Amino acid sequence: MGEHYFANRPEAASKPRSVDLVLPDLHLRLETDRGMFSPDRIDLGTRILLETVPPPPATGTLLDLGCGYGPIALTMATRSPQASVVGVDVNERALATAARNATAAGLDNVRFCLVDEADPGLRFDAIWSNPPIRIGKAALHDLLLTWLPRLTPAGTAHLVVQKHLGSDSLQRWLNDQGFPTRRIASRSAYRILAVSARTEGQTS
């Protein structure tokens, strides 16, 4: 169930299955399991993000924040084979599944780790995320304030957020924190937000 997907070790009994991620430029069959986000299908928000965002940088280091079983990270890795992609999550089962999906897809430019195990010195040329809105506003803000400052000066984060789950208020909050944020697309009640790096001297 949804309340388990952001647990470190989900209590839901394992029941592996697979879903297909079909986009104009790729087709991946992904292993999923219970106890992780959207195990029965590619979440609509994730699909809209992947169908809407500009191509990721061809090189550099790219981040999938809250990677789950890996559809966003694996899309980044496929589209930018010369880049290094990092997927982070708190869910150990999801991370193990994502790693298997990378191996099955033959992608060796992506790795997955717990959020606390990511190198704090890494800086990211792009961040793509379907952020875990349901962890609560305070926890979400802490999460974003941990990772968005790691954008390179020219880097951009693309976030997908449902309108009724607070996309417009999140956009205002991000701007207030010094991260220039604009909406670049709106579809099926989802907003795609493009978040630029803080300019030097800006703080919350």
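At 31% relative accessibility, Asp 20 counts as partly exposed, because buried means under 20% relative accessible area, exposed means over 50%, and partly exposed lies in between (1.4 Å probe, protein chains only). Asp 20 is found in strand 1; strands (E, at least two residues) and helices (H or I, at least four) are DSSP runs, numbered from the N terminus. The C-alpha atoms of Asp 20 and Arg 41 are separated by 7.7 Å, although these residues are 21 apart along the chain. Leaving aside neighbours within four places in sequence, Asp 20 is in contact (heavy atoms within 4.5 Å) with His 27, Leu 28, Arg 29, Ile 42 and Arg 47.

A word on the ground rules before going further. This is a predicted model, in which local features need pLDDT of at least 70 and side-chain atom pairs count only at pLDDT 80 or more, while totals for chains, interfaces and linings use all residues. Residues are numbered from 1 along each chain as its sequence is written, and side-chain values use heavy atoms, with hydrogens and water left out.

**Helix 2 and its surroundings**

Helix 2 is mostly covered, with 7 of its 9 residues buried. Those buried residues are Pro 71, Ile 72, Ala 73, Leu 74, Thr 75, Met 76 and Ala 77. Thr 78 also lies in helix 2, but Thr 78 is partly exposed, with a relative accessible area of 31%. Leaving aside neighbours within four places in sequence, Thr 78 is in contact with Leu 26, Leu 28 and Leu 107. The C-alpha atoms of Thr 78 and Leu 107 are separated by 7.3 Å, with their positions 29 residues apart along the chain taken as the sequence separation.

Next comes the partner of helix 2. The axes of helix 1 (residues 44-52) and helix 2 (residues 71-79) come within 10 Å and cross at roughly 15 degrees. Axes here are lines fitted to C-alpha atoms, for helices over the stretch in contact, and angles run from 0 to 180 degrees between N-to-C directions. Helix 1 and helix 2 are therefore roughly parallel to each other; angles under 35 degrees count as roughly parallel, over 145 as roughly antiparallel, 65 to 115 as roughly perpendicular and the rest as oblique. On the helix 1 side, Thr 46, Leu 49 and Leu 50 meet Pro 71, Ile 72, Thr 75 and Arg 79 of helix 2. The residues of this contact divide into 4 nonpolar, 2 polar and 1 charged.

**A second helix pair**

Helix 4 (residues 137-147) and helix 5 (residues 167-176) pack at an angle of about 45 degrees, with their axes 12 Å apart. The pair is therefore oblique. Leu 140, His 141, Leu 144 and Leu 145 in helix 4 meet Leu 170, Trp 173 and Leu 174 in helix 5.

**The nonpolar cores**

The largest nonpolar core has 36 residues, and those with the most contacts inside it are Leu 21, Leu 30, Leu 74, Val 110, Phe 112 and Trp 128. A nonpolar core is a set of buried Ala, Val, Leu, Ile, Met, Phe, Trp, Tyr and Cys residues joined through side-chain atoms within 4.5 Å. Among the elements that give two or more residues to this core are strand 1 (17-23), strand 2 (26-32), helix 3 (92-105) and strand 9 (190-196). The largest share, 5 residues, comes from helix 2. Val 110 touches Ala 73, Leu 74, Ala 77, Val 85 and Ala 102, not counting residues up to four places away in sequence. A second, separate core of 26 residues includes Leu 122, Ile 133, Trp 147 and Leu 151.

**Loop residues**

Three loop residues can be set side by side.

| Residue | Loop | Relative accessibility |
|---|---|---|
| Ser 38 | between strand 2 and helix 1 | 17%, buried |
| Ser 188 | between strand 8 and strand 9 | 47%, partly exposed |
| Ala 189 | between strand 8 (181-187) and strand 9 | 42%, partly exposed |

Ser 38 has a positive phi of about 50 degrees although it is not a glycine. Phi of Ser 188 is near 50 degrees, again a positive value in a residue other than glycine. For context, most residues other than glycine have a negative phi. Ala 189 is in contact with Val 161, Gln 162 and Lys 163, leaving aside its neighbours within four places in sequence. Ala 189 and Leu 165 are 24 residues apart in sequence and 9.7 Å apart in space, C-alpha to C-alpha.

Methods:
Ala, Val, Leu, Ile, Met, Phe, Trp, Tyr, Cys and Pro count as nonpolar, Asp, Glu, Lys and Arg as charged, and the others, Gly among them, as polar.
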